[in-house]
Amino acid sequence: MSEVDYLDTLLKEDRRFPPSEAFKAQANFNDPNIYDEAAKDPVAFWAKQAEEISWFEPYKEVLQWDPPHAKWFVDGKLNAAYNCVDRHREGPRKNKAAIIWEGELGGCKVYTYDMLGREVDKAAHMLKNLGVQKGDRVAVYLPMVPELPITLLACAKIGAIHTVVFAGFSAKSLRDRIEDAQAKLLVTADAGWRRGHQVPLKRFADEAVEGTTIETVLVVKAVGDSATYTMTEGRDLYWDDEMGKASTKPFPPEKMDAEDILYLLYTSGTTGKPKGIVHTTGGYMVGVHTSMRSVFDLKDSDIFFCTADIGWVTGHTYIVYGPLSAGATVVMYEGAPDYPDRDRFWAIIEKYGVTTFYTAPTSIRTFMKWGPEYVEKHDLSSLRLLGTVGEPINPEAWMWYHTHVGKGRVPIVDTWWQTETGCAMIAPLPGLTTTKPGAATKPLPGIIADVVDENGQSVAPGNGGMLVIKHPWPSMLRTVWGDDERFRKTYFGKFPDWYLPGDGAHKDEDGYIWILGRLDDVINVSGHRIGTAEVESALVGHQAVAEAAVIGRSDAIKGQAITAFVTLKEGVQGTDELVAELKETVAQAIGKMARPEEIIFTAELPKTRSAKIMRRLLRDIAEGRVLGDTTTLADPSVIEELKKLSKYQT
Ligand code: WT7
């Protein structure tokens with residue numbers, strides 16, 4: 001569907017789903033006045049939420065705002081791991097399941113809060129023994145195994161800064177991130193399971209760390225097959241051996257300042273270099289904890305299953321820090337949704353009695369394609385809340401989720417947020433908000449968001465524009481690691497006092513916000529953010545390529561798919577073999593998720609007089625539309641070239 005058709009569908013959407021009285025009666029947030037109260041005084045709202053977090057020393061001031069720099073809970077002292085684990089060990093949650101881990105090949109490991117605490121403390125001792133200090137960066141390149149959250153929490157306990165690199169990223173991407181963060185230790189695994197096959201992570205890690213700041217590589221035996229890699233003497237150590245040597249005594253939590261960094265997480269932007277998004281401790285913990293109670297209506301009896309990988313922010317916030325801070329039981333699944341069969345998620349829901357299920361629209365569209373029979377095989381009556389995240393959800397997918405997974409009785413929260421925002425920002429409160437299929441609905445209490453035009457004027461209902469956040473919030477990014485200027489320019493360059501997320505949005509007659517997608521040169525493939533510039537730079541790195549322009553075209557399952565337009569060097573032939581080679585080049589440089597769906601060879605790329613590539617025209621071609629306005633082309637003769645590529649040749 002083109003963007004225009006998509007908007008048309010959204011505007012015609014008139015189904016409404018008010019919360020049931022029963023849900024409302026039991027909801028954590030069920031007083032409608034909360035919105036107005038929080039809007040009047042967001043700082044007071046957040047101060048109230050901060051009471052839910054355990055502080056070693058109270059903060060002296062809630063907010064210092066010197067745009068674009070915010071400090072929340074100034075001089076407060078706390079520890080994120082203490083909040084996620086130890087405080088629950090001191091009360092009735094001590095023996096409650098914290099993490100239920102399900103392996104791809106089957107099998108299950110349960111960590112109670114007390115057991116998790118022992119592992120985290122031992123891991124903290126181990127990292128300390130290996131020389132990790134407060135403020136050091138620890139890179140993490142792991143499959144979805146329990147050692148992953150344990151590593152993050154152990155870092156948090158010490159005050160070391162973790163930076164997780166999704167295990168689907170290539171060796172080169174891992175290397176770039178290690179170098180940017182100047183990490184001194186890497187935690188990785190021998191390999192990871194994916195659809196019954198082994199992904200040789202240690203081999204990629206070896207390629208990535210050579211000649212970097214990494215002094216130690218800790219290897220988790222996630223698969224247990226040593227045939228695919230070697231260990232480098234003096235650098236590589238096994239997780240199990242080092243854990244065996246570590247003290248079993250409690251590890252005293254480091255008293256972190258509210259503004260000390262908790263983690264870095266790299267995300268794509270409009271240049272070739274990913275940004276290290278900086279999250280600090282106090283504000284992040286307050287933000288994520290609050291959203292567990294508000295958006296996910298979390299209760300002690302809930303079993304929370306988020307299908308994201310911890311390599312993305314969704315997993316950081318809604319597998320690790322959010323649910324654990326709130327004392328929940330979280331389900332963590334190692335593998336793929338279709339292994340061994342296409343009903344795996346539903347089987348997991350049934351097996352553990354999952355109450356809250358959180359996944360991405362691209363997955364829902366895949367389930368639709370597979371057909372409802374896989375869902376219907378399982379008893380999903382334990383579910384009481386469904387969520388989506390990562391990209392706009394089309395109303396059809398929303399309705400399918402509602403009908404087949406929720407059986408028409410379970411509220412859906414469509415949560416808009418970003419790596420930068422730390423937690424959900426625009427989403428329904430399930431006990432209060434009447435939902436509309438396809439709308440993220442309204443900013444959460446304490447979040448002041450709007451849709452504005454080029455001049456910053458709030459658009460009238462029924463219009464579209466840019467999404468902005470007009471007031472700082474606790475879990476916002478604090479800067480871009482090592483590049484504060486890029487932080488300022490990217491997010492506060494257009495409106496100095498407002499945060500600019502880079503998304504386009506529509507405001508409807510009820511003031512609901514419908515997110516339409518990125519306005520910048522960022523593509524959202526299956527809910528994963530990929531910069532066009534990164535893919536282009538990978539392509540021009542190939543000896544045959546003179547120039548490349550990459551766009552996201554709409555795709556029925558992935559939301560967007562990558563199409564690359566490539567001009568070759570003089571004398572090079574655009575063969576099928578070259579197409580395959582170029583696709584592989586991108587996969588090697590970034591990761592498989594960035595592999596272009598199509599490569600189209602062209603003699604010329606359409607550019608404006610200021611040499612900016614006119615991606616709009618390329619999108620017209622890729623999506624099979626008549627070419628739009630071509631009057632700003634620097635070289636009108638390119639039109640003929642483009643028409644040859646277009647299926648509309650007239
Ligand atoms: C971009 C952020 C937040 C975790 C996953 C992605 C898009 C995210 C929604 C939603 C419409 C959404 C936006 C945003 N996005 N959630 N519910 N409705 N669009 O994190 O990689 O930082 O990407 O994902 O375009 O800017 P991310």
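Let me start with one cut-off: buried means under 20% relative accessible area. Cys 306 comes out at 2%, so this cysteine counts as buried. I'll come back to that residue in a moment. Please keep in mind throughout that what we have here is a predicted model.

First, the overall picture. The protein chain has 650 residues, and a compact globule of that length would have a radius of gyration near 26 Å; the chain has 24 Å, so the two agree. Along the principal axes, the C-alpha atoms fill a box of roughly 75 × 60 × 55 Å. There are 21 helices and 29 strands in the chain. Of the 650 residues, 61% are buried. If you take contacts between residues at least 6 apart in sequence, 71% of them join residues that are at least 24 apart.

Now the surface and the charges. The accessible surface comes to about 24,600 Å², and carbon and sulfur atoms account for 49% of that. On the charge side, the chain carries 74 positive and 90 negative side chains, with the centres of the two sets 2 Å apart.

Back to the cysteines, then. How many disulfides does a search of the whole structure find? The search returns 0. Why does Cys 306 have no bond to Cys 423? The sulfur of Cys 423 is the closest cysteine sulfur to that of Cys 306, but the gap is 14 Å, which is too far for a bond. For Cys 423 itself, the closest cysteine sulfur is in Cys 84, and at 13 Å that one is too far for a bond as well. Cys 423 also counts as buried, because its relative accessibility is 4%.

Let's move to a helix I'd like you to look at, H14, which runs over residues 361-370. This helix is mostly covered, with 8 of its 10 residues buried. Those buried residues are Pro 361, Thr 362, Ser 363, Ile 364, Arg 365, Thr 366, Phe 367 and Trp 370. And what covers them? The cover includes three helices, H13 (344-352), H15 (373-376) and H16 (395-405). It also includes the strands E18 (356-359), E19 (385-389) and E28 (559-568). Right after H14 comes Gly 371, with a positive phi near 100 degrees.

Towards the start of the chain, have a look at helix H4, residues 42-49, where the buried residues are Pro 42, Phe 45, Trp 46, Ala 47 and Gln 49. They pack against helix H3 (33-40), the strands E1 (61-66) and E2 (69-74), and helix H11. H11 covers residues 281-294, and Thr 281 sits in it. Thr 281 is buried, at 2% relative accessibility. Setting aside residues up to four places away in sequence, Thr 281 touches Leu 78 and Ala 80, and also Met 256, Asp 257, Ala 258, Asp 260, Ile 261 and Leu 262.

Another residue to click on is Tyr 238, in strand E12 (residues 236-238). Is Tyr 238 buried or exposed? With a relative accessible area of 17%, Tyr 238 is buried. Beyond its neighbours within four places in sequence, Tyr 238 is in contact with Leu 218, Val 219, Lys 221, Tyr 229 and Met 231. Its C-alpha atom is 8.3 Å from that of Val 217, which is 21 residues away along the chain.

Finally, some backbone details. Most peptide bonds are trans, and most residues other than glycine have a negative phi. Here are the exceptions I picked out. Pro 67 and Pro 68 are joined by a cis peptide bond, with omega about 5 degrees, and Pro 68 is in the loop between E1 and E2. Tyr 339 and Pro 340 are joined by a cis peptide bond too, with omega about -5 degrees. Pro 340 lies in the loop between strand E17 (329-333) and H13, and H13 is one of the helices covering H14.

As for phi, Ser 526 is not a glycine, yet its phi is positive, about 50 degrees. Ser 526 is in the loop between strands E25 (522-525) and E26 (528-531), and at 21% relative accessibility it counts as partly exposed. Ala 611, again not a glycine, has a positive phi of about 70 degrees. You'll find Ala 611 in the loop between strand E29 (598-601) and helix H20 (615-622). At 54% relative accessibility, Ala 611 counts as exposed.

That's my tour, and thanks for listening!

How values were computed. Residues numbered from 1 in each chain as written. Predicted model: local features only at pLDDT ≥ 70, side-chain atom pairs only at ≥ 80, totals over all residues. Heavy atoms only, no water. Buried < 20%, exposed > 50% of the residue type's maximum accessible area, 1.4 Å probe, protein only. Helix = DSSP H or I, 4+ residues; strand = E, 2+ residues; numbered from the N terminus. Contact = heavy atoms within 4.5 Å. Rg over C-alpha atoms; globule rule 2.2 N^0.38 Å. Areas by Shrake-Rupley, 256 points an atom, 1.4 Å probe, with all protein chains shown as cover. Lys, Arg positive; Asp, Glu negative; His and termini not counted. Charge placed at Lys NZ, Arg CZ, Asp CG, Glu CD. Disulfide = S-S within 2.5 Å.
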